[in-house]
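Subject: Structure handover

Hi,

Here is the structure I promised you. Have a look at it first, and then read my notes underneath.

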Amino acid sequence: MKRMDRYDELMSLSVRKGFIWPTADLYGGFAGFYDYGHNGALMKRRLEDLWIDYFLHLGEDYYLIDTTSILPEASLKASGHVEHFTDILVTCTKCGENCRADHLLEEATKKSYEGIPPQEIDKLLAEHKIRCPKCKGAFAPSKPFHMMFPLMVGPMGKDPAYLRPETAQGVYINFKREFEALRRHLPLGLAIVGRAFRNEISPRQGTYRMREFIQAELQIFFNPKTFDSSIAFDDVQSSELLVARADKKDQGGADRATCSELVKSGLPLFYVYHLAKVQDFFLKELAVPADRFRFAELGEGERAFYNRIHFDMEVKQDSLGGFKEIGGVHYRGDHDLTGHQNTSKVSQTVTIDGETFIPHVLELSFGIDRMFWALLDAKYEKVKTEKGERYVLHLPPKIAPTQVAVLPLLGKDGLPEKAMPIYEQLAKEFKCFYDEGGSIGRRYARMDEIGTPYCVTIDHQTLQDGTVTIRERDTAAQKRPASSELGPIIGKLLSGQAKFESLP
RNA sequence: GCGGCUGUAGUCUAAUGGCAGGACUUGAGCUUCCCAAGCUCACAACGCGGGUUCGAUUCCCGCCAGCCGCACCA
């Protein structure tokens with residue numbers, strides 16, 4: 001299927017069924033912003049909960065914290081964002097072309113102008129006689145373009161601040177507090193699931209590049225000399241990872257390499273271990289097909305200067321034209337804590353077993369909205385039937401917005417009266433949907449399309465012996481337990497403790 | 001941000017300088033003993049603003065949004 005056809009198909013599902021749509025589309029939309037509807041909000045919440053449950057169990061001292069979306073300028077100066085998250089743009093007075101001033105200077109002089117002060121730019125451009133690369137026109141005075149949204153806080157607006165461009169800084173500036181509160185243990189994991197904001201020049205491709213988006217990030221603080229020895233590497237050493245090294249990732253696919261092989265190739269043991277855990281999350285928890293997942297290594301010139309090692313998680317999405325980044329695993333060294341120590345003048349060193357050092361950071365960073373969309377792309381399937389075709393959203397049961405539907409086979413003969421108490425009972429425990437309108441096939445199809453994993457049907461036999469049918473979404477197979485056992489059965493099916501085919 | 005294309009019910013689409021039509025969906029009812037069956041009825045749209053015109057969904061301009069290409073994405 002062509003990319004846009006698939007994209008339109010998914011966006012149509014999203015809009016029709018209450019997953020996601022453009023913010024303020026009542027007013028024509030708002031580029032780079034999306035709202036979640038009732039199914040989308042539930043699914044997103046479940047995805048976040050699954051992420052939290054999985055990643056906080058990677059270590060003993062791993063916790064969720066929650067920090068503000070607005071940060072004072074000083075903290076973002078220390079992180080480098082005020083300086084490096086700004087592009088100096090110059091506009092051609094003749095053809096209107098926008099260019100990055102530092103790139104023009106670098107091209108002309110072959111020197112780096114990373115983070116050059118804006119007031120220097122115009123002078124330098126004039127000195128080197130740089131003109132528009134397209135039409136040779138002259139440039140208007142340069143303007144800084146800030147990827148961060150600036151705010152003026154307080155009644156006089158005198159306190160400069162920004163909407164956070166990433167959640168990570170909330171963790172770094174709270175590290176010392178949590179290190180004390182959690183009684184000076186390393187490794188220490190601190191996670192945030194929350195919103196981040198970037199004033200993208202050109203938001204495109206739906207939820208792929210948004211101006212307000214949700215990150216799930218785990219920052220692991222550790223002693224680089226001892227971290228490897230605390231890792232249970234035996235658990236993963238023979239696991240195969242799907243990896244595209246920097247020189248090969250343009251070819252589109254991925255190679256399989258065991259964790260041991262990757263360590264032999266020079267990657268740190270702790271780093272490979274966490275790659276394995278991240279891959280398990282995608283393949284086992286989210287059930288992304290193996291041929292749609294890979295780690296893509298970022299080479300020297302592609303990664304930020306402070307990232308010593310950087311692999312992105314990528315999921316192949318037909319709606320976006322191939323493998324697209326969902327998140328990254330970044331070994332950031334002591335860059336962040338050192339930066340905050342230098343600016344705040346508060347020591348970020350720790351002393352453990354007589355050794356004093358600044359902890360290193362391994363960052364596991366995920367875009368929730370991107371994962372959300374990738375799941376729709378990977379799981380929404382057109383299925384041919386005898387009479388035509390229908391759509392099934394094969395979401396993992398843990399992520400499905402509605403978990404079970406209760407459906408009387410007919411809207412008469414006392415079946416609704418029998419079904420209602422069953423629904424009320426299940427609704428105490430699960431997100432449960434009741435529907436008695438229209439043919440049973442139509443109601444199954446409706447549930448299939450929003451990914452409801454199980455449907456319970458009340459028929460005439462129920463009136464006689466109290467049994468009901470449970471129908472599984474992906475196979476349409478049915479089982480027939482007593483209605484009194486439904487609660488425990490569905491609970492086990494949803495949590496993965498029981499398999500449908502092994503039900504009696 | 002630049003250039004090109006586009007914008008009609010929830011979705012997909014038709015036509016038109018003079019009452020905007022259909023299909024699917026949705027809702028109500030009938031029917032129906034397990035996978036979008038059938039019948040009846042109903043709800044529901046010209047992205048926003050301005051201009052030309054007796055009259056604009058249609059032509060023109062601006063804006064917004066989407067797509068493609070470029071640029072951008074520490």
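**Helix 1 to start with**

Helix 1 has 14 residues that should span 20 Å at 1.5 Å a residue, and its end C-alpha atoms are indeed 20 Å apart, so the two agree. The expected span is 1.5 Å times one less than the number of residues. Helices here are DSSP runs of H or I with at least four residues, strands are runs of E with at least two, and both are numbered from the N terminus.

Before you go further, please keep in mind that this is a predicted model: local features need pLDDT of at least 70, side-chain atom pairs count only at pLDDT 80 or more, and totals for chains, interfaces and linings use all residues. Residues are numbered from 1 along each chain as its sequence is written, chains are lettered from A and ligands numbered from 1 in the order in which they are written, and side-chain values use heavy atoms, with hydrogens and water left out.

Back to helix 1. Its buried residues (under 20% relative accessible area; exposed is over 50%, partly exposed in between, with a 1.4 Å probe and protein chains only) are Arg6, Tyr7, Glu9, Leu10, Met11, Leu13 and Ser14. They pack against strand 1 (20-22), strand 2 (34-36), helix 12 (368-379), strand 20 (380-384), strand 21 and helix 14, where contact means heavy atoms within 4.5 Å. Just after the helix, Gly18 has a positive phi of about 80°.

**Around the RNA**

How many residues surround RNA strand B? There are 44, and the closest are Arg100, Arg209, Tyr444, Arg446 and Arg471. Sugar and phosphate make up 58% of the strand's atoms that come within 4 Å of the protein. A residue counts as near when one of its heavy atoms lies within 4 Å.

Helix 14 gives the largest share of this surface, seven residues. Other elements that supply at least two residues each include helix 1 (3-16) and strand 25 (469-472). By class, the surface has 13 nonpolar, 15 polar and 16 charged residues. Nonpolar covers Ala, Val, Leu, Ile, Met, Phe, Trp, Tyr, Cys and Pro, charged covers Asp, Glu, Lys and Arg, and the others, Gly among them, are polar.

Three side chains are worth clicking on:

- Arg3 has an N or O atom 3.0 Å from a phosphate oxygen of RNA strand B.
- Arg442 has one 2.8 Å from a phosphate oxygen of the strand.
- Thr469 has one 3.2 Å from a base nitrogen of the strand.

**Salt bridges**

Side chains of opposite charge can pair when their charged atoms come close. The structure holds 26 salt bridges, each a side-chain nitrogen of Lys or Arg within 4 Å of a carboxyl oxygen of Asp or Glu.

In one of them, Asp318 meets Arg292, with the closest N and O atoms 3.1 Å apart. Asp318 lies in the loop between strand 15 (309-317) and strand 16 (322-333), and Arg292 in the loop between helix 10 (269-285) and strand 14 (293-297), so the pair ties together parts 26 residues apart in sequence. Asp318 is partly exposed at 32% relative accessible area, while Arg292 is buried at 18%.

Arg390 and Asp448 form another, also with 3.1 Å between the closest N and O atoms. This pair links strand 21 (residues 389-393) to helix 14, 58 residues apart. Arg390 is partly exposed at 26%, whereas Asp448 is buried at 2%. Lastly, salt bridges that share partners join Arg292, Asp318 and Asp377 into one network.

Cheers

Conventions: A polar contact is a pair of N or O atoms within 3.5 Å; within protein, one must be able to donate a hydrogen and the other to accept it, and residues adjacent in sequence count only if both atoms are side-chain atoms.
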